[in-house]
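Good morning, colleagues. Please take a moment to look at the sequence and the model on the screen before I begin.

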Amino acid sequence: MNSEDVAVLAFYHLRGTRNLSNRNVDCFIEGYKACNDPLVHDFAKFLEREGNYYLKEYANRRRESCGYSGQPLTRKHTEEFVAAEQLGTLLLKAAKLIREYKILN
């Protein structure tokens with residue numbers, strides 16, 4: 001969507017209210033861009049960061065938090081760490097596919 005499309009969307013939602021002003025529509029456009037850019041244009045980067053976190057950092061941080069709280073590690077934690085690695089792998093694969101096929105561009 002371009003700025004005009006977002007302005008029309010803002011107008012549609014604010015029409016008939018006291019809140020409709022150029023400033024409000026401009027704020028709506030900036031808010032939309034701030035949310036839209038990471039979710040659309042930078043989504044592959046986001047997925048890649050999350051995938052790397054679950055592959056490389058999650059288990060250590062979880063072990064550390066369990067240690068601080070005095071919670072012993074159990075088989076459930078081992079299953080959780082395996083699931084986190086699988087999630088990380090899937091997120092990296094999704095990021096690769098989004099980049100490769102130019103999805104969301």
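I shall speak about a helix, then the cysteines, and then a surface patch.

This is a predicted model, in which local features need pLDDT of at least 70 and side-chain atom pairs count only at pLDDT 80 or more, while totals for chains, interfaces and linings use all residues. Residues are numbered from 1 along each chain as its sequence is written, and side-chain values use heavy atoms, with hydrogens and water left out.

I begin with helix α2, residues 22-41; helices are DSSP runs of H or I with at least four residues, numbered from the N terminus. Helix α2 has 20 residues and reaches 27 Å from first C-alpha to last, close to the expected 28 Å, where the expected span is 1.5 Å times one less than the number of residues. Val 25, Ile 29 and Asn 36 of α2 are buried, that is, under 20% relative accessible area, with exposed meaning over 50% and partly exposed in between (1.4 Å probe, protein chains only). The cover over the buried residues of α2 includes α1 (3-14), by contact, meaning heavy atoms within 4.5 Å.

How many disulfides does the structure hold? It holds 0, a disulfide being a pair of cysteine sulfur atoms within 2.5 Å. The sulfur of Cys 27 lies 13 Å from the closest cysteine sulfur, in Cys 35, and therefore is too far for a bond. Cys 35 counts as partly exposed because its relative accessibility is 49%.

Finally, Leu 104 lies in the segment after α4 (75-100). With 37% relative accessibility, Leu 104 counts as partly exposed.

Technical notes: Helices (H or I, at least four residues) and strands (E, at least two) are DSSP runs, numbered from the N terminus.
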